[in-house]
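Visitor: Hi, I'm new to this one and would like to be walked through it. Could you put it up so that we can talk it over?

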Amino acid sequence: MMKSSNSPLYLLSCLLMLLLLPVPSLSADPDSLQDFCVADLNASISINGFPCIPASKVNASDFFFDLSKEGVTNTSNLNFSVTPANVLAFPAVNTLGISMNRVDFGPGGLNPPHTHPRAAEMGLVVEGSILVGFVTTSNVYYSKVLTAGEVFVIPTGLVHFQKNVGNGKGIVFTSFNSQMPGVVISSITLFGSQPPMPNEVLTQAFQVDDAVVNSIKSKFGS
């Protein structure tokens, strides 16, 4: 016997269905359908992730990763280093929709303006004084200097940065709701792409002449 479309039970069922429909869209990565899927990084086929290695070949060490080692920060004028624990470095996070980074800063070190197209970010400052800032799609800039024990969050896809404004080194651990959040560094993307982005686009966008664009491009190898 069909329920009346006016019955309280029917209306409640419809309401519950409407509430549940958006839930899958809240996940950055698809939900896993098994306990684990340690990535086979050597597989020839990859569709939005990596195939699993056979469970019989998985061992305890696959589920552990070391982020205790300090990164080398003095290899560029940015004076910072990122140690990723995404699926490429830590295959056990495959299909789990999570990953982490360790970010080390020398004095004045800068993690330059960038975005993560596939994930929101939460960061914990472990050491140092770190200026964290991001810009919304309404062109509003939010920032704060954080010290050890303080946490920040960056919404998905927004341009953001971290800069060590203290006198010593800085350490930040960041986490993401994606096994592979991706990173788009604004300066490298615009001025260091291969093949190069046309000068006429950059000069018009930034309201500068060719000499300025060429000077910046020369610093990014294109």
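Visitor: Let's start with the cysteines: which two form a disulfide, and how far apart are their sulfur atoms?

Guide: Please keep in mind that this is a predicted model. In it, C37 and C52 form a disulfide, with 1.9 Å between their sulfur atoms. The angle about the S-S bond is -105°, and the link of C37 and C52 is left-handed.

Visitor: How many disulfides does the count come to?

Guide: The count comes to one disulfide. Both C37 and C52 lie in the loop between helix 1 and strand 1, so the pair ties together parts that are 15 residues apart in sequence.

Visitor: And is C37 buried or exposed?

Guide: C37 is buried, because its relative accessible area is 3% and the cut-off for buried is under 20%. Its partner C52, on the other hand, is partly exposed, with a relative accessible area of 39%.

Visitor: Okay, switching to charges. How many salt bridges does the structure hold?

Guide: There are two salt bridges in the structure. In one of them E70 pairs with K169, where the closest N and O atoms are 3.2 Å apart. E70 sits in the loop between helix 1 (8-20) and strand 1 (80-85), while K169 sits in the loop between strand 8 (159-164) and strand 9 (170-176), so this pair ties together parts that are 99 residues apart in sequence.

Visitor: What is the relative accessibility of E70, and what about K169?

Guide: E70 has a relative accessibility of 41% and therefore counts as partly exposed. K169 is also partly exposed, with a value of 35%.

Visitor: Which residue does R102 form a salt bridge with?

Guide: R102 forms a salt bridge with D104, and the closest N and O atoms of this pair are 2.9 Å apart. Both residues are buried, and for R102 the relative accessible area is 6%.

Visitor: Where does R102 lie, and what does it touch?

Guide: R102 lies in strand 2, which covers residues 99-105. Not counting residues up to four places away in sequence, R102 touches L67, S68, K69, E70, S81, V82, T83, I171, V172 and F173. E70 in that list is the residue that forms the salt bridge with K169.

Visitor: You've mentioned several strands now. In what order do the five strands of the open sheet come?

Guide: The order is 1-2-9-4-7, and the pairing is antiparallel. Strand 1 and strand 7 (151-154) are the edge strands, each of which pairs on one side only. On average, and with direction ignored, neighbouring strands of this sheet are turned by 20° against each other.

Visitor: How many bridges are there between strand 4 and strand 7?

Guide: Strand 4, which covers residues 121-127, pairs with strand 7 in the antiparallel sense over four bridges. If you look for L124, you will find that V151 in strand 7 stands opposite.

Visitor: One last residue, N79: where is it, and is it buried or exposed?

Guide: N79 has its place in the loop between helix 1 and strand 1. With a relative accessible area of 17%, N79 is buried. The side chain of N79 makes a polar contact with the side chain of T73, at 3.4 Å. Leaving aside neighbours within four places in sequence, N79 is in contact with several residues, among them N74, D104, F105 and G106. D104 in that list is the salt-bridge partner of R102.

Methods:
Residues are numbered from 1 along each chain as its sequence is written. This is a predicted model: local features need pLDDT of at least 70, side-chain atom pairs count only at pLDDT 80 or more; totals for chains, interfaces and linings use all residues. Side-chain values use heavy atoms; hydrogens and water are left out. Helices (H or I, at least four residues) and strands (E, at least two) are DSSP runs, numbered from the N terminus. Buried means under 20% relative accessible area, exposed over 50%, partly exposed in between (1.4 Å probe, protein chains only). Contact means heavy atoms within 4.5 Å. A salt bridge is a side-chain nitrogen of Lys or Arg within 4 Å of a carboxyl oxygen of Asp or Glu. A polar contact is a pair of N or O atoms within 3.5 Å; within protein, one must be able to donate a hydrogen and the other to accept it, and residues adjacent in sequence count only if both atoms are side-chain atoms. Two strands pair if DSSP finds at least two bridges between them. Axes are lines fitted to C-alpha atoms, for helices over the stretch in contact, and angles run from 0 to 180 degrees between N-to-C directions. A disulfide is a pair of cysteine sulfur atoms within 2.5 Å.
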